[in-house]
Amino acid sequence: MIEYHIDVSSMTGFLLGLLNIYSPTGDTERAIAYVRKTFDSLGLETALNVKGALIATWEGQSIGRPRALTAHVDTLGAMVKEIKPNGRLRLTQLGGYAWNTVEGEGCFVRTATGATVSGTILPIKVSVHVHGKEVAELERKEANIEVRLDARTTKAEETRALGIEVGDFCYLDARAQLTDAGFIRSRHLDDKASVACIYGAFKALAEAGLTPAQRTTALITNFEEVGHGASTGIPADCVELLVVDMAAVGEGQNSDEFSCGICVKDSGGPYHIEMRRKLVELAQNADIPYKLDVYPYYGSDGAAALQAGSDLRVGLIGPGVDASHAYERTHQDSLAATARLIVEYLATP
């Protein structure tokens, strides 16, 4: 039995910092730099691949069966699709979410010069005092959603004068918060909570003077939400990949916000049975709370790696996240359980 300590406070602080760095798919450099700096401080060897993903290497006790971990730092977001004649913005989505989950949300548009202009995502008919029952009846789709900018603009020319142009990124306000009860509520816990769990596990190993049983590569991807995050970046000699991504919590699911989720199947099919058995045995032996679950509308970087031709046994674990791809919530207990299972996995030959 190995001895180590999961520093939940440090892990939570790292997560809150990461949540407040906006990183929609395609605009992730600042978040990658934040994670890289933290991993560097733990003594890991870090580098970026051509796509801009972070590759952190920890030489283990053996190179007989090298392993990889992956989590993604890219999040949902949007880009400016059109500057409308009324000066407001039409958006195109980055990642998959329902428009109603961002209705009324604060946002920030980042211009080519790096300036940001705040705004609010709204339906084109939102005031019941103006439109009556049409507000509820309006279909929530791209053509019916717009950004009301916090600037004096009523026509396209005035909006362009602010520096805003088609293709600019639109960030969703994360509204990250730690509650007194230990809940973390925020957008983008998928998958920044999992990045925090990897950090928590690495920190625990380093402070205990432990090294992974096998050479370990942590790949922090930046294109997972659009399907090709881990298609590159995993060393060819790795034989196992542990994906760390959120466990989907909701009606009909077995996962919860207080344990570590172990995914047995998602929309791409079942995860490797030997990885599942190993993870369950590790959790049971270390008395780590866990839940086996099926995620019906879900894909991961494990699928991206396999579809790109990687010859790997793939498993998936992660903290339980309620209301995924909306205003999400998890609990510190789930972060701790997931970090512990990562430690047990890395320390086991």
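## Two helix pairs, one after the other

Begin by selecting residues 8-19, which form helix α1, together with residues 29-41, which form helix α2: in this predicted model, the two helices pack at an angle of about 155 degrees, and their axes lie 10 Å apart. Because an angle over 145 degrees counts as roughly antiparallel, α1 is roughly antiparallel to α2. If you turn the view so that one helix lies in front of the other, the crossing of α1 and α2 is right-handed.

Next, display the side chains where this pair meets, taking Gly13, Phe14, Gly17 and Leu18 from α1, and Ala31, Tyr34, Val35 and Thr38 from α2, since these residues make the contact. Coloured by class, the residues of this contact of α1 with α2 separate into five nonpolar and three polar, with no charged residue among them.

Now move along the chain and select residues 189-207, helix α6, with residues 332-347, helix α9, which pack at an angle of about 55 degrees with their axes 8 Å apart. This angle means that α6 and α9 are oblique to each other, and α6 passes α9 in a right-handed crossing.

To see what fills the contact, show Ala193, Cys197, Ile198, Gly200, Ala201, Phe202, Ala204 and Leu205 on the α6 side, and then Leu335, Thr338, Ala339, Ile342, Val343 and Leu346 on the α9 side. With the colouring by class still on, the contact of α6 with α9 comprises twelve nonpolar residues and two polar ones, and no charged residue takes part.

Definitions and conventions. Residues are numbered from 1 along each chain as its sequence is written. This is a predicted model: local features need pLDDT of at least 70, side-chain atom pairs count only at pLDDT 80 or more; totals for chains, interfaces and linings use all residues. Side-chain values use heavy atoms; hydrogens and water are left out. Axes are lines fitted to C-alpha atoms, for helices over the stretch in contact, and angles run from 0 to 180 degrees between N-to-C directions. Helices (H or I, at least four residues) and strands (E, at least two) are DSSP runs, numbered from the N terminus. Angles under 35 degrees count as roughly parallel, over 145 as roughly antiparallel, 65 to 115 as roughly perpendicular and the rest as oblique. A crossing is left-handed if the near helix is turned anticlockwise from the far one by less than a right angle, and right-handed if clockwise. Contact means heavy atoms within 4.5 Å. Ala, Val, Leu, Ile, Met, Phe, Trp, Tyr, Cys and Pro count as nonpolar, Asp, Glu, Lys and Arg as charged, and the others, Gly among them, as polar.
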